[in-house]
Amino acid sequence: EALKVVTAGMLKGAKGSKAQQVAALQAMMASVFGGSESNLLAILSKRDFEDIVSPDMTVREAAKYMAKIRKGVAVVDGSGELVGIFTLKDMNNRVVAKDLSPDTTLVGEVMTGRPESVSSDMSLLETLHLMHDSKFTHVPVVDGEAVKGLVDAMDVMNATMGDGSGKDGWRTFWEQTMEFGDDDASDTASQRSVAKSAASRATGASRAPTVPKPRVSGTVAKLRPSKPVVMFVTDSILAVSKAMADARTDSAILTGGDANLAGIVTSTDVTRKVVALGKLPTDPVSSIMTPNPKCVSMEDDATEALVMMMDNHFRHLPVLDSEGGIVAVLDIAKCMNDAISKIEKLEEMGKKAGGSSDGASEALKMATSGVKGMSHTQIQTMHALLGPLMES
């Protein structure tokens, strides 16, 4: 609680120098991703399943197991060596979209081979930075010669939510990364224009936003949501799967005959409801979609939209314009990636401005000096506790 108070004070006061901004963000990141469960081992130790398959397993067999755990898997050969990973997106793009038989295709033929791995003592924050820098969303965990499992970006984000106490930290995280991001408004406007033209088949959509209007962080438009894949509910599973693969995405927004938003389908649906259950790719996509999904508008509050996605474990969220037309889709993993990009850019600017250590001390003084109700001794104690953290 003390860290939250001081961090809030730092964030309000750290708008002078880039070094102070960096110090404030570092403290905020520590409060969100720190704590007693701050590494990958904490995630893996809570699992009651093993996310490992053999390269000689058929895709159908793997899909049944992946459907059960709702995750991608690490691929380990008979000698116990990590040889690849096989994700839900791989299932859609490399199997279903190519119309391969899951009963005769082996995991080793369609997996992502020779992936980079990390150890279980890697911190959550380091893991997110690695995923950002390497441009991937899954990382296998290997300790010595023992393969422990596969962790994705959503695992890391969900681990920090805990029993709900982490929600305030995430709210602050999203608000401040957007505030310090210095987004180009013209870029946002361009993104909206591209998305709207791409979704011309859904211009008649009419659906009320599900998130309150903006209060602090700005609108959903500021997040620059992605161009959507928009298909009809009458299209075949195969057609939608191919469209997702061509766009290199793992979701599609579906419309009905009236062009209104009707549903959403993801690579998770393809694995669980098509490959695992033996459904035919020629069946209509309406048979596997999630109908009437929650949605937001471009004008809704960005932070509320992101917190709502984390609360409900949504990876994707349709975005509508003011008239109810489908214009974009929010991908929370992409939003996290963009936030990390802003932080790394700000850290680099902070270093050029003179390093973060002096900025950290100054920001800490600025924060504690303005906290009401704290005695001199309490303030000195906060300096002693947070000083080393801020310096690092």
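1. On disulfides, the count for this predicted model comes to zero by the distance rule applied here. A disulfide is a covalent bond between the sulfur atoms of two cysteines. Two cysteines can be described by their burial: Cys295 has a relative accessible area of 1% and is therefore buried, and Cys335, with a relative accessible area of 7%, is likewise buried.

2. The packing of helix H4 (residues 59-69) with helix H5 (residues 88-96) deserves a careful look, since the axes of these two helices lie 11 Å apart and make an angle of about 145°. The crossing in which H4 passes H5 is left-handed. From H4, the residues that take part in the contact are Val59, Ala63 and Met66, and they meet Leu88, Met91 and Val95 of H5. Sorted by class, this contact of H4 with H5 holds six nonpolar residues, with no polar and no charged residues among them.

3. Helix H5 is mostly covered, in that seven of its nine residues are buried. Those buried residues are Leu88, Asp90, Met91, Asn92, Asn93, Val95 and Val96, so a reader who inspects H5 will find Asp90, Asn92 and Asn93 listed as buried together with Leu88, Met91, Val95 and Val96, each falling under 20% relative accessible area.

4. What do the buried residues of H5 pack against? Their partners include H4, described above, and also strand E3 (82-86), helix H6 (107-110), strand E4 (112-113), helix H11 (237-246) and helix H12 (267-275). The surroundings of H5 thus comprise both helices and strands, and the buried residues of H5 should be viewed with these elements displayed.5. Asp300 is placed in the loop between strand E11 (296-297) and helix H13 (302-312). Is this residue buried or exposed? With a relative accessibility of 1%, Asp300 counts as buried, because the cut-off for that class is under 20%. The side chain of Asp300 reaches the backbone nitrogen of Ser297, and the distance for this pair is 2.9 Å.

6. Ala42 belongs to helix H3 (residues 40-45), and at 15% relative accessibility Ala42 counts as buried, because that value falls under the 20% limit. Ala42 and Asp121 are separated by 79 residues in sequence, while their C-alpha atoms are 8.9 Å apart in space.

Methods: Residues numbered from 1 in each chain as written. Predicted model: local features only at pLDDT ≥ 70, side-chain atom pairs only at ≥ 80, totals over all residues. Heavy atoms only, no water. Axes fitted to C-alpha atoms, helices over the stretch in contact; angles between N-to-C directions. Helix = DSSP H or I, 4+ residues; strand = E, 2+ residues; numbered from the N terminus. Left-handed = near helix turned anticlockwise from the far one by under 90°. Contact = heavy atoms within 4.5 Å. Nonpolar A, V, L, I, M, F, W, Y, C, P; charged D, E, K, R; others polar. Buried < 20%, exposed > 50% of the residue type's maximum accessible area, 1.4 Å probe, protein only. Disulfide = S-S within 2.5 Å. Polar contact = N/O pair within 3.5 Å; in protein donor to acceptor, adjacent residues only side chain to side chain.
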